[in-house]
Amino acid sequence: MKLDAVKKVYKRYAPYYDTVFGKILDHGRQEMLKTMSFEKGDKILEVGVGTGISLTNYPTHTSVVGIDISPEMLQKAQERIADQQLGHVTVQVMDAQFMSFPDNSFDQLAIMYVVSVVPNPKKLMDEAKRVCKQNGSIYIVNHFGAQNRVMKFIESKLDKMADKLGFQAAFSLPKFIEENQLEIISKKAVNLLGYWTLLKVQNVKKLEAETSRTNARNKTVN
Ligand SMILES: C[S@@+](CC[C@H](N)C(=O)[O-])C[C@H]1O[C@@H](n2cnc3c(N)ncnc32)[C@H](O)[C@@H]1O
């Protein structure tokens with residue numbers, strides 16, 4: 001999906017997003033929030049925060065930043081922040097693939113139903129790992145491509161309409177984990193028929209540094 005297509009779709013969705021995607025995806029959001037533990041002063045980044053549907057769940061002893069590419073979705077989040085007086089939360093328009101935060105800015109990241117929406121999920125995850133502290137937690141909930149043949153067929157058809165739907169249906173979990181070298185701490189099926197997956201990832205930055213050192217050493221040896 002191109003970024004312009006994403007912006008167009010979510011501009012269209014914004015007025016009725018909560019009505020259509022609120023309840024149906026809520027089990028995954030709630031399970032993520034239950035899995036997270038919040039220390040006093042924790043800095044949390046919610047990527048693709050949308051209408052801010054989860055923002056009321058973060059405790060006031062944390063500080064929360066939400067980013068999204070869609071100003072129309074964020075307008076709804078701003079209204080929620082004002083209505084609910086969420087003084088510990090701010091939101092801003094930002095492309096998750098090119099974040100403007102310094103390295104190691106956040107203790108935890110929450111990425112709900114976004115990794116199969118962005119044009120380049122690898123760039124999103126590179127940025128997520130960069131702005132998250134060493135050994136911080138990155139939580140992801142998403143639909144990943146089904147294993148059974150019938151669903152695979154349906155998803156391949158849905159993918160032809162990805163620009164209109166605003167997400168990719170046939171998004172491979174093993175490929176996502178491998179490509180991003182994710183250290184998975186836990187994995188749980190959520191939402192209707194367990195058709196979505198909640199992941200807790202530990203942000204092990206050393207591994208990457210060690211990997212590149214090892215690669216460099218291997219090159220010298222060869
Ligand atoms: C399916 S909605 C999920 C919204 C919310 N997280 C939820 O739980 O319902 C996907 C969101 O990701 C946002 N998004 C898509 N691409 C993005 C990008 N490159 N950078 C930031 N946000 C993006 C969309 O604008 C939209 O609000």
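This passage describes the ligand site of a predicted model and then three residues of its chain. Because the model is predicted, local features are reported at pLDDT of at least 70 and side-chain atom pairs at pLDDT 80 or more, whereas totals for chains, interfaces and linings use all residues. Residues are numbered from 1 along each chain as its sequence is written, and side-chain values use heavy atoms, with hydrogens and water left out.

The ligand is surrounded by 22 residues, a residue being counted if one of its heavy atoms lies within 4 Å of the molecule. Tyr17, Arg29, Gly48, Asp68 and Ala96 come nearest. By class, this shell holds 15 nonpolar, 4 polar and 3 charged residues; Ala, Val, Leu, Ile, Met, Phe, Trp, Tyr, Cys and Pro count as nonpolar, Asp, Glu, Lys and Arg as charged, and the others, Gly among them, as polar. Helix α1 (residues 3-13) gives the largest share of the shell, 3 residues. Helices (H or I, at least four residues) and strands (E, at least two) are DSSP runs, numbered from the N terminus.

Several polar atoms of the protein approach the ligand. A polar side-chain atom of Tyr17 is 2.6 Å from a ligand oxygen atom. A polar backbone atom of Gly48 lies 2.7 Å from a nitrogen atom of the ligand, and a backbone N or O atom of Ala96 is 2.8 Å from a ligand nitrogen atom. Polar contacts are pairs of N or O atoms within 3.5 Å; within protein, one must be able to donate a hydrogen and the other to accept it, and residues adjacent in sequence count only if both atoms are side-chain atoms. Of the 600 Å² of accessible area that the ligand has on its own, the protein covers 98% (Shrake-Rupley method, 1.4 Å probe; for residues, only the protein chains shown count as cover).

Two residues other than glycine have positive phi values. Tyr113, with phi near 60°, lies in the loop between β4 (106-112) and α5. Its relative accessible area is 13%, so Tyr113 is buried (buried means under 20%, exposed over 50%, partly exposed in between; 1.4 Å probe, protein chains only). Asn191 has a phi of about 65° and is found in the loop between β6 (183-190) and β7 (196-202). Asn191 counts as buried because its relative accessibility is 10%.

Lys122 belongs to helix α5 (residues 121-131) and is partly exposed, at a relative accessible area of 28%. The C-alpha atoms of Lys122 and Asn180 are 6.5 Å from each other, although the two residues are 58 residues apart along the chain.
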